[in-house]
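Good morning, colleagues. I should like to take you through one structure, beginning with the chain as a whole and then turning to its helices and loops.

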Amino acid sequence: MPSPRRATIADVAAASGVGVGTVSRVINGAANVRETTRVSVQKVIDQLGYRPSHLAASLSRGTARTMAIVVPHLTRPSVVMRLAGALAVLDEQGYDTVVCNVDTPQQRDHHLAALTKRHRADGVIVVSLRLSRQQLASFQHAGVPLVTVGVLAPGVPQTVTDDVTGGRLATEYLLSLGHRRIGFVGDTARRMSVTNLGFSVSQHRLAGYRQALAAAGVDYDPALVRRGPYGAVHAEALAAELLALPDRPSAIFAASDTQAMGVLTAADRRGLPVPGQLSVIGFDDIESAALLGLSTVRQPLERSGAEGARRLCALLRGERVRPLRQRLSLEVVQRSSAASFRVTGPRCGSAAARPRRGGGRTADSAASVGRPASRRPGKGNVTHPARRCDDALAGNWRLEG
């Protein structure tokens, strides 16, 4: 019995030949309904495609069936993917969900304070937003179950990834391809304050970058690090600075896929083919990364949202959630934006390779960035010449896949 509009509980009652109260009892699984009536009403529900409002049901029972998800910057692709994972689980479990977007610390504080008041929500998921001790204590005092996704929170179930490890994985991948001049583009480090939400993932990914360089015996060069506001446009400007250096990097690690897109744009504007003259790797593996052929560090965004929602539902069932800190794994996704580094052109030390018109660096001055040419990619070894000649520094090198 198809219906041209969304079916209501009254439609189900009329088609079943019973009262609205009987339909409500069937929906809520009440015991005082004959089995034949239950089967008949459920058949009509299926035929009409009727979906009960869990909010209305909660009002009639006097109990909440609503979850709240608090997220920062709702339009960011990584946030959307996490949100999609959480919503799928909560919908499956029969919860209505309120999404609270946060762009400022004032919005964060307002939403969190409201959600600790009684009857606002059954439980709360906080995504990527650091909480103060006072805010955590408010949730505990109010008895509102809380889980976090993408951020640590003492004493609360957390679903996280290790951003330091992720930064190390991205840099190790570029090192394994033979790169030694590796740039970094990320966010400016800021502490949580009344004017700042205090995101720290970029700082942690930079720490992993530095760890990987140190482990490979490559000196950290602060001139290859650029940080600024989040976003593709800002990342493009930062990458343009790196690509304008006399001794520009052969590869760039961007702290997010969105920022990696800015790096790709900067390379395109400068006429540098990717990966022909610049390798790029991002972080997150948002949907558009695959379309762009962007190599990246994949973090399970949808799964993290789904796991957070499952853990919150478990809390509401009175289950003990362990471990408190659930750490999801990361992996490098190899696509077409990164390739092996090879120096081409005259040999270092040859007359053709010497600086012209008194400019440029000598081969000896660049020796510290090289590794023995006998090493091979794979198994932790890297192919790279012992010295980079000035023609290589001027751009006479290429990347080979």
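What percentage of the 401 residues in the protein chain is buried? Buried residues make up 46% of them. Please keep in mind throughout that this is a predicted model. The protein chain contains 14 helices and 14 strands. As for its contacts, if we take those between residues at least 6 apart in sequence, 70% join residues at least 24 apart.

I turn now to helix packing. Two packed helices are described by the angle between their axes and the distance between the axes. I have two pairs to present in those terms.

The first pair is helix α5, residues 77-92, and helix α13, residues 301-316. Their axes come within 7 Å and cross at roughly 40 degrees. An angle of that size makes α5 oblique to α13. The crossing of α5 over α13 is right-handed. On the α5 side, the residues that take part are S78, M81, R82, G85, A86, V89 and L90. They meet L301, E302, S304, G305, A306, A309, R310 and C313 in α13. Sorted by class, this contact has eight nonpolar, four polar and three charged residues.

Let us stay for a moment with one residue of that contact. Is S78, in helix α5, buried or exposed? S78 is buried, with a relative accessible area of 15%; the cut-off for buried is under 20%. If we leave aside its neighbours within four places in sequence, S78 is in contact with D284, I286 and L301. Of these, L301 belongs to the α13 side of the helix contact just described.

The second pair is helix α10, residues 232-243, and helix α11, residues 257-269. How do these two helices pack? Their axes lie 7 Å apart, at an angle of about 50 degrees. α10 and α11 are therefore oblique to each other. α10 passes α11 in a right-handed crossing. From α10, the contact involves A232, A235, E236, A239, A240 and L243. Their partners in α11 are T258, Q259, G262, V263, T265, A266, A267 and R269. By class, the residues of this contact divide into eight nonpolar, four polar and two charged.

Next, the buried residues of two other helices. In helix α2, residues 20-27, the buried residues are T22, V23 and V26. Viewed down the axis of α2, they fall within an arc of 100 degrees, so they line one face of the helix. As a reminder, an α-helix has 3.6 residues a turn, so residues three or four places apart point the same way. What do the buried residues of α2 pack against? Their partners are α1, residues 9-16, and α3, residues 35-48.

Helix α6 covers residues 105-115, and P105, R108, L112, A114 and L115 are buried in it. The partners here include strands: the buried residues of α6 pack against β1 (66-72), β2 (96-102) and β3 (123-127), and also against helix α7 (133-142).

I come finally to the loops, and to some backbone geometry. Which residues are joined by cis peptide bonds? One such bond joins V274 and P275, with omega about 10 degrees. Another joins R322 and P323, with omega about -5 degrees. P275 is found in the loop between α11 and β9, the strand of residues 279-284. P275 is partly exposed, with a relative accessible area of 21%. P275 and A251 are 24 residues apart in sequence, and their C-alpha atoms are 8.8 Å apart in space. P323, for its part, is in the loop between α13 and β11, residues 325-327.

Two loop residues call for a remark on phi. S128 has phi near 65 degrees, a positive value in a residue other than glycine. S128 lies in the loop between β3 and α7, and is buried, with a relative accessible area of 17%. For D285, phi is likewise near 65 degrees, again positive in a residue other than glycine. D285 is in the loop between β9 and α12, residues 287-292. D285 is buried as well, with a relative accessible area of 12%.

That concludes my presentation, and I welcome your comments.

Terms used:
Residues are numbered from 1 along each chain as its sequence is written. This is a predicted model: local features need pLDDT of at least 70, side-chain atom pairs count only at pLDDT 80 or more; totals for chains, interfaces and linings use all residues. Side-chain values use heavy atoms; hydrogens and water are left out. Axes are lines fitted to C-alpha atoms, for helices over the stretch in contact, and angles run from 0 to 180 degrees between N-to-C directions. Helices (H or I, at least four residues) and strands (E, at least two) are DSSP runs, numbered from the N terminus. Angles under 35 degrees count as roughly parallel, over 145 as roughly antiparallel, 65 to 115 as roughly perpendicular and the rest as oblique. A crossing is left-handed if the near helix is turned anticlockwise from the far one by less than a right angle, and right-handed if clockwise. Contact means heavy atoms within 4.5 Å. Ala, Val, Leu, Ile, Met, Phe, Trp, Tyr, Cys and Pro count as nonpolar, Asp, Glu, Lys and Arg as charged, and the others, Gly among them, as polar. Buried means under 20% relative accessible area, exposed over 50%, partly exposed in between (1.4 Å probe, protein chains only). The arc is that of the directions from the helix axis to the C-beta atoms.
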